[in-house]
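Welcome, and please open your viewer. We will take a short walk through one chain, selecting a few residues at each stop.

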Amino acid sequence: MAQAQLAFPFQGGKDIMTRFFKDSLIVSDDIIHKKATGLVIFKFTADEKGGITKIIIYYADDAILVPPIIDALKKSNHKWIIPDHEKFNDFILPVSYGFNPPAPGTKGVQKAVYDFNLKRKPIFSTDQIPLDLATLLPTIMINYDLTE
């Protein structure tokens, strides 16, 4: 017996959601300058009209990575599709930052990456986090070009 396929919870589907976030998420000059990389995991709630009502940071490799994602999430307001007969739905969205590697042997980039990792300020939970009935979304991969 075939398993029922769930409708993707973003208007247009998974590929449209991925493109939306890649187009809407603006990597800050500070992130580029610091050669920041890492993972951020958000939980957000969307209501029956697809509007975002709550955003929670579950984890971030560094606080500097968070604001561009919040801005992009706000732009996604009313694009979320909630299953029938529900008043809201929770989603978990992982976003991974990386940069396109420069030519080998670039000492300035190596030093900047080392400095970022040495001084990073992670956001993480120190206690349990109830997940309720949340939908884990595919990870959004953000790669940016470096500037010297």
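Two residues are in contact when their heavy atoms lie within 4.5 Å. Keep that cut-off in mind as we go, and remember that this is a predicted model.

**The whole chain**

Start with everything shown as a cartoon. The chain has 4 helices and 5 strands, and from the N terminus on they run α-α-β-β-α-β-α-β-β. The C-alpha trace spans about 55 × 35 × 35 Å along its principal axes. Of the 148 residues, 39% count as buried. Take the contacts between residues at least 6 apart in sequence: 82% of them join residues at least 24 apart.

**Stop one: serine 96**

Select serine 96, which sits in strand E3. Is serine 96 buried or exposed? Its relative accessible area is 19%, and the limit for buried is under 20%, so serine 96 counts as buried. Now show what touches serine 96, leaving out residues up to four places away in sequence: you should find Gly38, Leu39, Thr139, Ile140, Met141 and Ile142.

**Stop two: strands E3 and E5**

Next, select residues 88-99 for E3 and residues 140-144 for E5. These two strands pair in the parallel sense, over 5 bridges. One place to look is tyrosine 97, whose bridge partner in E5 is isoleucine 142.

Turn on the side chains of E5. In a regular strand, side chains alternate between the two faces of the sheet. Which residues of E5 point to the buried face? They are Ile140, Ile142 and Tyr144, while Met141 and Asn143 point to the other face and are not buried.

**Stop three: helix H1**

Select residues 14-24, which make up helix H1. The buried residues of H1 are Met17, Phe20, Phe21 and Ser24. They cover an arc of only 90 degrees around the axis, so they lie on the same side of H1. An α-helix has 3.6 residues a turn, so residues three or four places apart point the same way. Rotate to the face turned away from the buried side, and you will meet the exposed residues Asp15 and Asp23.

What covers the buried residues of H1? The cover includes helix H3 (66-75), E3 and E5. Zoom in on serine 24, which counts as buried because its relative accessibility is 11%. Beyond residues up to four places away in sequence, serine 24 touches Ala72 and Lys75.

**Stop four: lysine 54**

Move on to lysine 54, in strand E2 (residues 52-60). With 44% relative accessibility, lysine 54 counts as partly exposed. Leaving aside neighbours within four places in sequence, lysine 54 is in contact with Lys43, Phe44 and Thr45. Try the distance tool on lysine 54 and lysine 43: these residues are 11 apart along the chain, and their C-alpha atoms are separated by 8.2 Å.

**Last stop: a pocket**

Rolling a probe the size of a water molecule over the atoms shows where empty space is left. Finish at the second largest pocket, with a volume of about 230 Å³. To see its lining, select Asp30, His33, Lys34, Asp62, Ile64, Ala112, Asp115, Phe116, Lys119, Arg120 and Lys121. Helix H2 (29-34) and helix H4 (107-119) each supply at least two of the lining residues, and H4 gives the largest share, 4 residues. Colour the lining by residue type: 3 are nonpolar, 1 is polar and 7 are charged.

Conventions. Residues are numbered from 1 along each chain as its sequence is written. This is a predicted model: local features need pLDDT of at least 70, side-chain atom pairs count only at pLDDT 80 or more; totals for chains, interfaces and linings use all residues. Side-chain values use heavy atoms; hydrogens and water are left out. Buried means under 20% relative accessible area, exposed over 50%, partly exposed in between (1.4 Å probe, protein chains only). On a 1 Å grid over the protein atoms alone, a cavity is a set of points where a 1.4 Å probe fits but cannot get out, and a pocket is an open set with protein on both sides within 12 Å along at least five of seven lines; lining residues have an atom within 4 Å of a point. Grid points are joined across faces, edges and corners, and a volume is the space filled by probe spheres set on the points. Ala, Val, Leu, Ile, Met, Phe, Trp, Tyr, Cys and Pro count as nonpolar, Asp, Glu, Lys and Arg as charged, and the others, Gly among them, as polar. Two strands pair if DSSP finds at least two bridges between them. The arc is that of the directions from the helix axis to the C-beta atoms.
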